[in-house]
Amino acid sequence: MTLFNLKLLHKINKKRNQSGASLVEVLVAIGITAIMLPALLTALISANAAKPAAQQQILAEGYLRSLTEQMRSVREGGWSNIATNGTYHPVTASNTWALSSGSSTVGNFTLQVVISDIQRNSSGGIVSSGGTVDPSTKLATATVSWSKPVASSISSQAIFSRWNSGTTWTQTTQTDFNGGTLTNTVTTNTAGGEVQLADGTPNWLSPSLAGSFNITGNVSGLSSYYATISGTPYAFVGFATGMAIINVSNKASPTLTGTYATTSAVNGIFVNGTAAYLALAGTTNQFTIVNVSNPASPATTGSLTVGGNVAANAVTVSGTSAYIVSNTAGGTNGDFNIVNITNPAAPTITGKLKIGSNNKGVVVSGNFAYIPTDTNNKQLEAVNISNPAAPTAGNTVNMGANGLGVVLSGTNIYVATANNAATGELRIFSISTPGTMTAVGNYEVGGNVNGLAISGNYVQLATGVAAKQIINVNVTTPATPTLASNFTLSAAGNAVFTNGFYAYVGSADTTKELQIVYAGPQYQASGTFESSSFNAGSTVGFNYLSFTTSQPTASVVKLQVASNTNNSTWNYVGPDGTASTFFTAAGGIPMTAANGQYFKYKAFYTAGTGNASTAVLSDVTLNYTP
């Protein structure tokens, strides 16, 4: 076969093969079409049907958004608008949204809002069942439903609370707090009004210098006293040529109010009412009465020469009598004198006794005066004053050192002496048997005790001992007094008078003749404050309690709340609705106290370590919804 014929045969076979392939492809295509055509027709029909459903969904979502916003507007109009459970739909009323019973129909859509209760467990968490109904919270379930072309619905939920009400009751001023009941607590006005623990007994463990005052001239503070006149506190300081009357309202910055000039040193001061009784070191008129009703202009009321021409050293007053002790009197003069002060302008000697020594102090208890002296072997003497016209010498005590001062507390007297290493310079005696001084305890100082005072369970000693010019001794157990603290002044302490938390020291420092030592706070160990009753006018929802406190280390204040409808039954509870918990921070009112007409809170205080600090409650705010 020729080459031409072979090529022709190949073309013919190739054409036949191509024709066969085309037929197979047609048959396969017909088969595939037969299989897919029904599915394609179904999809096309479904797609056409889904368009209305999608449109309904879009419309429904718009209605739901509107429904939700309308509900928020209804709530903002007042809690009462949503307070009752049920099925509702929003309507407009007087340009505001309100709820109307039942559902509403808009075209093919049904719109409704279901108001229902919220339940909470004991921890305040929301639970679906088994909890307690929260009267201050509601669940609003908004639903939009339709039936064509396919039945369906969409919904959303919102929780509404009446805690966002703007109605409040607030207590923040001292006047607000004064209406409450105080138990071991006090109201103050340090920063606009507060409640804190009341003062307990002074704590002399860590004293500090509160302030000082410089009396004009190169003088020393020789004697001191503290008293209030017309409600204003004053320190009285005696010096070589007079007495300064210093306003100590601001302990950090005392100010001079008035000065009373004398011709001799003021060794002793006693203030009673508006009269200051002075023991002077002069040779005449050693007993002087000064009218201090106007502290800026003190004036002499009366005076009297006692003890002859010797210095008077101390004075005390009891009833209508003044008792003055002096240095050893000459002749028939007494160095212990009882003076009738019924007429202050003309005091007269009632009776006198010549003890025969230099007498440095005097206290009176019942029918006896107790006098420290420098008489050998009898440095402490009891004088019977049952007959003021004829006082008589009584029992004596050999203290082993000269007596320099004395104070009385209950049935004990505390006596200061000169340096006495054998028995100590602070001596404590019981006078439970009047006129008899029974040794109880003593304390060694290491030098002369120039003056002393007592504050609660502590005795303050003024000394010249270096680094302990004020010594505070704990005499809670008089038989075994113990050191509470030593305090360093800029110079020797010559005299001390203590009132409450402050010791007013007559100092040898010629630039700080008055030095004021602060004991450091010691408060009641615990206390409570129960607020006045708040009357909301009708039954309301009490929502939220907030408050501001200051709580130094270890001090505590915590609150409970109570409500009722009769203004008499007060069952205080904490945030979980029981009496065993307390509000330590702002929080919601528990459901057991959320509804009522009357409301109170109660604050519970605990002092800090050693009762040295107190928490302070400065404001309380109650949020409620009418």
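**Note on two four-stranded sheets**

1. One open sheet of 4 strands follows the order β29-β30-β31-β32 with antiparallel pairing, where strands are DSSP runs (E, at least two residues, numbered from the N terminus) and two strands pair if DSSP finds at least two bridges between them. Because β29 (403-409) and β32 (438-443) each have a single partner strand and stand at the edges, one side of each is left without a neighbour in the sheet. On average, neighbouring strands of this sheet are turned by 25° against each other, direction ignored; the axes are lines fitted to C-alpha atoms, and angles run from 0 to 180 degrees between N-to-C directions.

2. The model is predicted, with local features needing pLDDT of at least 70 and side-chain atom pairs counting only at pLDDT 80 or more, while totals for chains, interfaces and linings use all residues. Residues are numbered from 1 along each chain as its sequence is written, and side-chain values use heavy atoms, with hydrogens and water left out.

3. Within the sheet of point 1, β29 and strand β30 (residues 412-417) are paired in the antiparallel sense over 6 bridges, and V407 has Y414 in β30 as its bridge partner.

4. Another open sheet of 4 strands has the order β25-β26-β27-β28, again with antiparallel pairing. Its edges are formed by β25 (363-365) and β28 (392-397), each with a single partner strand, so one side of each is left without a neighbour in the sheet. From one strand to the next, the twist averages 25°.

5. In this second sheet, strand β27 (residues 380-384) and β28 run antiparallel and are joined by 4 bridges, with N384 standing opposite T392 in β28.
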